[in-house]
Amino acid sequence: MAVIGCGLVAAGPARGFTLEAREPGRSEAARALPELARLEEPGAAVLVLRGEVPAAKAAELVRLVRAAAQDARRRFLPPAPAGLQPVDVCLLADTARYRAFLDALLGPGHGENDLGLFNPYRRVVAANLDMPPGHLRHEIVHALVADALGPLPAWLDEGLASLYNEARPVEGGLELGRTYRLDQLRAAREAGTLPDLAELARSTGRSVYGARSRAFYSLGRFLLLHLDSRGELRAFLAALRAAPATEAGQREVLARFVDWPVFLAWEGGLPEQRERASPREALPVR
Ligand SMILES: [Zn+2]
């Protein structure tokens, strides 16, 4: 589930600390894969890209990972603590190889899906290259967020990572798309199952990864897109970090930054289809 999956939960490891600090070496399964590139940037752990993929594809994925990491730092991420272990970013060419890798990494019966994962204990991102590239960006952002912001509430962790499921390169960074999961947000609104700010503040991993996961994921993504569109995303995250790590603390910060009727009106005005949507990026998830 969440701890070994792409999401962190509140009970996860403390900021910048993983079990690896007490265990020799990193994941053998990861390090058995050939190294393709190392991305080193100030204020972040080294990302070691690994896998058996053709050179042209590897170069494309290096660009994709670098663009996501740079954009997240430019947009909202504070610097991570110094001295972190590298993150192994393992690129698996297809679903069969991805599943075999996860079995080696986590042991059989792990229950993970085929979309991709970040494992904070092993400091491994795994990407299934049969899936749309947005999933790799999503998992990279989970890894960067875990290092720079520490364990976050599940809705926020998934919201930040989901910003990057739909993105395209533009001058100076990435443009985050505004259609990914919009249909799920609107379906939840229509069905009356969309959480409000109070429910978001008291939500746990159990709620976010439970039966209403689409409502929580989509609301998280679009609330954060809304804050980003107002230039308030970084300040919102800083306020959350400064607030007590309680339901009341979250509720106060959410109420301070989000005017619920204004958010709903903004969302209601978004067009359903972005221009020139890529069919692969438009694939439904879950
Ligand atoms: Zn995730």
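Angles of 65 to 115 degrees between two helix axes count as roughly perpendicular, and that cut-off will help with one of the close-ups of this predicted model.

**Figure 1. The whole protein holds 12 helices and 7 strands.** Start here to get your bearings before zooming in. Of its 286 residues, 43% count as buried. Look also at who touches whom: among contacts with a separation of 6 or more, 70% are between residues 24 or more positions apart.

**Figure 2. Helix α5 crosses helix α9.** Two packed helices are described by the angle between their axes and the distance between the axes. Here α5 spans residues 154-162 and α9 spans residues 213-229. Their axes come within 8 Å and cross at roughly 65°. Are the two helices roughly parallel or roughly perpendicular? Since 65 to 115 degrees is the range for roughly perpendicular, α5 and α9 are therefore roughly perpendicular to each other. The crossing is right-handed.

**Figure 3. Side by side, these are the residues where α5 and α9 meet.** From α5 come Trp155, Leu156, Glu158, Gly159, Leu160 and Ser162. Facing them from α9 are Phe216, Tyr217, Gly220, Arg221, Leu223 and Leu224. Sorted by class, this contact has 7 nonpolar, 3 polar and 2 charged residues.

**Figure 4. Helix α11 has a buried side and another side with exposed residues.** This helix runs over residues 247-257, and Gln250, Val253, Leu254 and Phe257 in α11 are buried. Why do they share a side? The four cover an arc of only 100° around the axis, which puts them on the same side of α11. A general rule helps you picture this: an α-helix has 3.6 residues a turn, so residues three or four places apart point the same way. Turn to the other side of α11 and you will find Ala248 and Arg256, which are exposed. What covers the buried residues of α11? The cover includes α7 (197-202), α9 and α10 (233-242).

**Figure 5. Phenylalanine 236 sits in helix α10.** Is this residue buried or exposed? A residue needs 20 or more other C-beta atoms within 10 Å to be called buried. Phenylalanine 236 has 21 such neighbours, so it counts as buried. Leaving aside residues up to four places away in sequence, phenylalanine 236 touches Leu227 and Phe257. You have already met Phe257 as one of the buried residues of α11. Now find phenylalanine 76: it lies 160 residues away along the chain from phenylalanine 236, and the C-alpha atoms of the two are separated by 9.3 Å.

Methods: Residues numbered from 1 in each chain as written. Predicted model: local features only at pLDDT ≥ 70, side-chain atom pairs only at ≥ 80, totals over all residues. Axes fitted to C-alpha atoms, helices over the stretch in contact; angles between N-to-C directions. Parallel < 35°, antiparallel > 145°, perpendicular 65-115°, else oblique. Left-handed = near helix turned anticlockwise from the far one by under 90°. Contact = placed C-beta atoms within 7 Å. Nonpolar A, V, L, I, M, F, W, Y, C, P; charged D, E, K, R; others polar. Buried ≥ 20, exposed ≤ 12 C-beta atoms within 10 Å, placed from the backbone. Arc of directions from axis to C-beta.
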